[in-house]
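Dear colleague,

Please find below the structure for your review. My notes on it follow directly after.

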Amino acid sequence: MLIDFFLTLRKHQVKTSLKELLDLLQALKEHVVFGDVEEFYLLSRLCLIKDESEYDKFDVAFAEYFKGVNDINLESLFETQIPEEWVRKLAEKYLTDEEKAQIQSSGGFEELMKKLMERLAEQKERHQGGGKWIGTAGTSPFGAYGYNPEGIRIGQHESRHRRAAKVWDKREFRNLDGNVELGTRNIKVALKRLRKFARQGAADQLDLDDTIRSTAHKGMLDIKLVPERHNAVKVLLFLDIGGSMDDHIQICEELFSAARTEFKHLEYFYFHNCVYEGVWRDNNRRYSERLSTMDVIHTYGADYKLVFVGDASMSPYEIAAPGGSVEHWNEEAGAVWVNRLLSHFKKSIWLNPMSEEYWSYTQSIAMMRQLVNQRMFPLTLSGLDAGMRELL
């Protein structure tokens with residue numbers, strides 16, 4: 001019983017044991033919970049997980065193994081139903097390239113927001129398809145599961161086209177795992193670059209005994225130095241999380257693990273797409289425990305090396321316009337906050353996990369490269385090496 005669930009957890013590298021599985025089975029035998037997926041989730045996590053850093057991996061494994069359990073309708077189990085997958089595919093309307101090309105820009109961010117307010121005032125019922133109302137599976141700039149290059153996404157679980165001017169949904173991101181084993185050759189070599197960089201700021205110390213010994217032997221002063229082992233370099237890491245960055249989780253976790261290993265003075269914060277007035281340390285609490293970006297600037301000295309990690313792929317409004325953030329209404333444009341950080345932290349670079357050959361096709365990447373004075377480097381071995389030299 002639950003052996004496959006246990007194997008799924010181990011597949012996702014969740015640190016649990018057979019003893020903990022037996023504890024869970026005993027709790028089920030005693031009917032601690034019964035017939036409720038949410039209660040079973042809480043009980044199984046309590047029994048199987050002893051460290052909260054494992055919660056994210058547990059959630060992924062749980063979702064994979066029990067996917068679809070909540071969709072069972074016992075009252076209509078024996079009735080003929082239209083498969084949910086058919087309905088979902090109908091809603092997820094994929095247009096041809098020609099149809100997409102026919103959809104024109106809405107006339108700018110301000111005009112888009114104005115039109116949304118008008119639609120909210122006029123619309124009285126649910127709508128599906130079409131090109132005007134707020135609904136699903138259409139070409140209107142407003143709604144879910146349709147296509148519009150400059151639309152406002154409302155009520156959609158995840159992005160399929162990854163193109164929207166604003167997202168009016170509460171989205172959850174997971175923290176990067178700082179304990180990922182660096183299994184690839186490139187990351188191991190990159191770790192050497194980080195190690196070399198981390199020791200650049202260390203001053204050598206006088207080896208008095210060896211100096212006296214060598215001076216007496218040679219008959220003239222011969223100073224001997226011992227390299228300082230203390231890691232003196234200070235690094236501030238800003239990590240883009242969620243959305244299109246989901247494609248780059250593995251490489252970012254490997255870099256994050258390497259940085260945590262090599263830098264004694266490492267501080268890190270998360271942001272989504274572009275930095276605004278607030279950042280956070282824990283994605284599970286990003287709505288309740290945000291930190292002021294201005295406080296970060298005031299807390300950490302200018303001797304910190306600032307490293308942004310992100311694909312810089314977003315709506316241009318997110319960088320250039322007040323209110324352009326996809327998740328909230330920002331009073332000041334993202335570019336204003338990026339410039340504030342760059343003005344304080346004189347040594348800074350941007351590491352981009354997206355392949356460099358595609359950078360020229362994305363307007364926001366060009367804008368961000370200009371903001372960081374062309375100090376954007378690909379998250380590759382050579383790019384990381386060049387970025388470390390730039391910081392030195």
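**Phe 271 and its surroundings**

Phe 271 is buried, as its relative accessible area is 1%, and the cut-off for a buried residue is under 20%. Please bear in mind that the model is a predicted one. The residue belongs to strand E8, which covers residues 265-271.

Which residues does Phe 271 touch, once its neighbours within four places in sequence are left aside? Its contacts are Phe 238, Leu 239, Asp 240, Ile 241, Val 279, Trp 280, Phe 308, Val 309 and Trp 350. For one of these partners, Phe 308, the separation from Phe 271 has also been computed: the two stand 37 residues apart in sequence, and their C-alpha atoms are 9.8 Å apart in space.

**Ser 214**

A second buried position is Ser 214, with a relative accessibility of 10%. This serine is part of helix H9, formed by residues 208-218. When neighbours within four places in sequence are disregarded, Ser 214 is in contact with Asp 222 and Lys 224.

**The packing of helices H1 and H4**

Helix H1 spans residues 3-11 and helix H4 spans residues 55-65; their axes lie 9 Å apart and form an angle of about 140°. Are the two helices oblique or roughly antiparallel to each other? Angles over 145 degrees count as roughly antiparallel, and H1 and H4 are therefore oblique to each other. The crossing of H1 past H4 is right-handed.

On the side of H1, the residues that take part are Asp 4, Phe 5, Thr 8, Leu 9 and Lys 11; they meet Phe 58, Ala 61, Phe 62, Glu 64 and Tyr 65 of H4. By character, the residues of this contact comprise six nonpolar, one polar and three charged.

**The chain as a whole**

How many helices and strands does the chain have? There are 15 helices and 13 strands. The chain consists of 392 residues, and 45% of them are buried. Phe 271 and Ser 214 are among the buried residues.

Of the contacts between residues at least 6 apart in sequence, 65% link residues that are at least 24 apart. The contact of Phe 271 with Phe 308, at 37 residues apart in sequence, is an example of such a link.

Finally, the accessible surface of the chain amounts to about 22,500 Å², and carbon and sulfur atoms account for 52% of that area.

With kind regards

Conventions: Residues numbered from 1 in each chain as written. Predicted model: local features only at pLDDT ≥ 70, side-chain atom pairs only at ≥ 80, totals over all residues. Heavy atoms only, no water. Helix = DSSP H or I, 4+ residues; strand = E, 2+ residues; numbered from the N terminus. Buried < 20%, exposed > 50% of the residue type's maximum accessible area, 1.4 Å probe, protein only. Contact = heavy atoms within 4.5 Å. Areas by Shrake-Rupley, 256 points an atom, 1.4 Å probe, with all protein chains shown as cover. Axes fitted to C-alpha atoms, helices over the stretch in contact; angles between N-to-C directions. Parallel < 35°, antiparallel > 145°, perpendicular 65-115°, else oblique. Left-handed = near helix turned anticlockwise from the far one by under 90°. Nonpolar A, V, L, I, M, F, W, Y, C, P; charged D, E, K, R; others polar.
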